[in-house]
Structures are given as C-alpha cells and as structure tokens.
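Here are my notes on the model, point by point. Have the coordinates open while you read.

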Amino acid sequence: MRFVLIVLPVIGFAVLIRTASPVAFHWLLFAIGWCTWTFVEYILHRFWMHDKNRSSTMTEIHTHHHKHPNEHVVTNFHRTAMVAVLTLLALVAMYLDNYFTLFFGFCVGFEMYLLIHRFIHLRVGQKIFKRLVRYHIYHHCKYTDTCFGVSVPWWDDIFKTVPATPSITRRIVDFYFKNHEDSTKHSLLEHATPVDNTGRATNSCNKDCGQCTVNIKTCVVAN
C-alpha cells in the first residue's frame, strides 16, 4: 500500500500532462518504471531470496553469494548484453511513443541493479555509494534480516528494515572486500568510532594506543 500511495499519484499526474507536455510524460513514466524495479528488487530479496522455507536455485545461489561475497553469477558479459537489449527497447519506446516507456524504465532499473551490485562489492564503490555499501555490508556480514535494497536505500528506510544500532569491525569489512585491493584511501572505517575496554568511545584508535581492547579491529563503523 505504501508503494501504491507513492506511485499512483505520479502515474495520475503523468496521464494528465500527456498531451500538454509529452517530454515530461515520458520522463515521469521512465522514473516510475525505474522506481518500480527498485521496489520489486527489495521484495524479491526480502521475501524470496531469504525465505528459509523456500528451496530454489535462486535461494541457493543467494546463500552462496553471502558466503562468498565477491562471487557473482551475473558476469560482465550479461551486463553488456543487457545494454544492447536496452538500446533496442529505447528505440521501440521512441517509436511507440506511449506507455511502453514505463517498461523501458523498469528494464533500465534492472540493469542499474546489475551494475550497482557489482560496484558496491568493490572498495572504490565507497566513494560514490557510501550509504549503499554500508547497508550492504550490514546485510551480508552481520544483519542478514535487514538492508535488502541494493539499488537504493530508501525502501529499507520506509519499511524500517535497517539495524537499529549497527556496528561492524575491520575484520568484517575485510571479509566483505575479500580479494580486492584497496583502490582508495577513503574507507568506511574513516567514520569508525573507536571504543576502549569499557565500551566507551575514545579519540585514539591506533594499534599502539593501549586503550583499545583488541587494537584497531575493535573499531565500530558509525551510522
């Protein structure tokens, strides 16, 4: 119902302006299609891929991906082939000049999902998708019943599926980015909150400071 209440008024507005502003009409349809994909992605991830009572190839593949974060069934070939498909769909949408643009936006959302999912598993992804990377690390490594969005974070915010007081260690971050060199000096751990042996925050966080319980590995990534 929340999704319907968000999208339905926009669809209604697009229908009203179709004759007066065809360009705005198509942009709105495109945006609705893309937004619809992000919602479908969230629903599939939350209620299908993580359904403990469901036995399917999809759930098995997803479980394997959790154990091996940098192993992806989707390859660069698939992502490139999808670009070719999108090019064809774009031509069809321009030719038809109707509500097919909605479907085109949905397919673009799917391609963006394929690209973003790969990118947020690389350290360099922290430069552009800091929040998405943080949420995805929470989901992969410690809070698997939260943070189901991949393309966008807002469905987790809307449906309250974000951990209340999340914390992750350097070891977890290193596992998540396993087999990938750090291509940027900027990391999620720059926003870490060091804790001392009493559990309180401290301003020091180097391995020789003597205040950390297990040196820098006790750093906790803040919200």
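1. The protein chain has eight helices and three strands, where helices (H or I, at least four residues) and strands (E, at least two) are DSSP runs numbered from the N terminus. Read from the N terminus, the order is α-α-α-α-α-α-α-α-β-β-β. Of its 223 residues, 39% count as buried, meaning under 20% relative accessible area, with exposed being over 50% and partly exposed in between (1.4 Å probe, protein chains only).

2. A word on the ground rules. This is a predicted model, in which local features need pLDDT of at least 70 and side-chain atom pairs count only at pLDDT 80 or more, while totals for chains, interfaces and linings use all residues. Residues are numbered from 1 along each chain as its sequence is written, and side-chain values use heavy atoms, with hydrogens and water left out.

3. Start with α5 (100-119). Its 20 residues should span 28 Å at 1.5 Å a residue, and the end C-alpha atoms are 29 Å apart, which agrees; the expected span is 1.5 Å times one less than the number of residues. The buried residues of α5 include Phe104, Val108, Tyr113, Leu114 and Ile116. Some polar or charged ones are on that list too, among them Thr101, Glu111 and His117. When you look at the spacing, keep in mind that an α-helix has 3.6 residues a turn, so residues three or four places apart point the same way.

4. How does α4 (76-96) run relative to α5? The two axes come within 9 Å and cross at roughly 160°. That makes α4 roughly antiparallel to α5. Axes here are lines fitted to C-alpha atoms, for helices over the stretch in contact, and angles run from 0 to 180 degrees between N-to-C directions. On the angle classes, under 35 degrees counts as roughly parallel, over 145 as roughly antiparallel, 65 to 115 as roughly perpendicular and the rest as oblique. The crossing of α4 and α5 is left-handed, that is, the near helix is turned anticlockwise from the far one by less than a right angle, with clockwise being right-handed.

5. α5 also meets helix α2 (residues 22-49), with axes that come within 7 Å and cross at roughly 45°. The two helices are therefore oblique to each other. In this case the crossing is right-handed.

6. Now α6, residues 130-141: this helix has twelve residues and reaches 16 Å from its first C-alpha to its last, close to the 16 Å expected. Nine of the twelve are buried, so α6 is mostly covered. The buried set includes Leu132, Val133, Arg134, Ile137 and three histidines, His136, His139 and His140.

7. Have a look at the histidine pair. Histidine 121 sits in the loop between α5 and α6 and is buried, at 0% relative accessible area. Its side chain joins that of histidine 136 in a polar contact of 3.3 Å. A polar contact is a pair of N or O atoms within 3.5 Å; within protein, one must be able to donate a hydrogen and the other to accept it, and residues adjacent in sequence count only if both atoms are side-chain atoms.

8. How many salt bridges does the structure hold? Just one, with a salt bridge being a side-chain nitrogen of Lys or Arg within 4 Å of a carboxyl oxygen of Asp or Glu. The partners are arginine 131 and aspartate 157, at 2.1 Å from N to O. Arginine 131 lies in α6 and aspartate 157 in α7, so the pair ties together parts that are 26 residues apart in sequence. Both ends are partly exposed: arginine 131 has 36% relative accessible area, and aspartate 157 has 27%.

9. Two backbone spots are worth a check. Most residues other than glycine have a negative phi. Aspartate 97, in the loop between α4 and α5, has a positive phi of about 55° and is partly exposed at 43%. Cysteine 147, in the loop between α6 and α7 (154-158), also has a positive phi of about 55°, but is buried at 0%.

10. That α6-α7 loop also holds valine 152 and threonine 146. Valine 152 is buried at 4%, and its C-alpha is 6.8 Å from that of threonine 38, 114 residues away along the chain. Threonine 146 is buried at 10%, with its C-alpha 4.8 Å from that of threonine 161, 15 residues apart along the chain.
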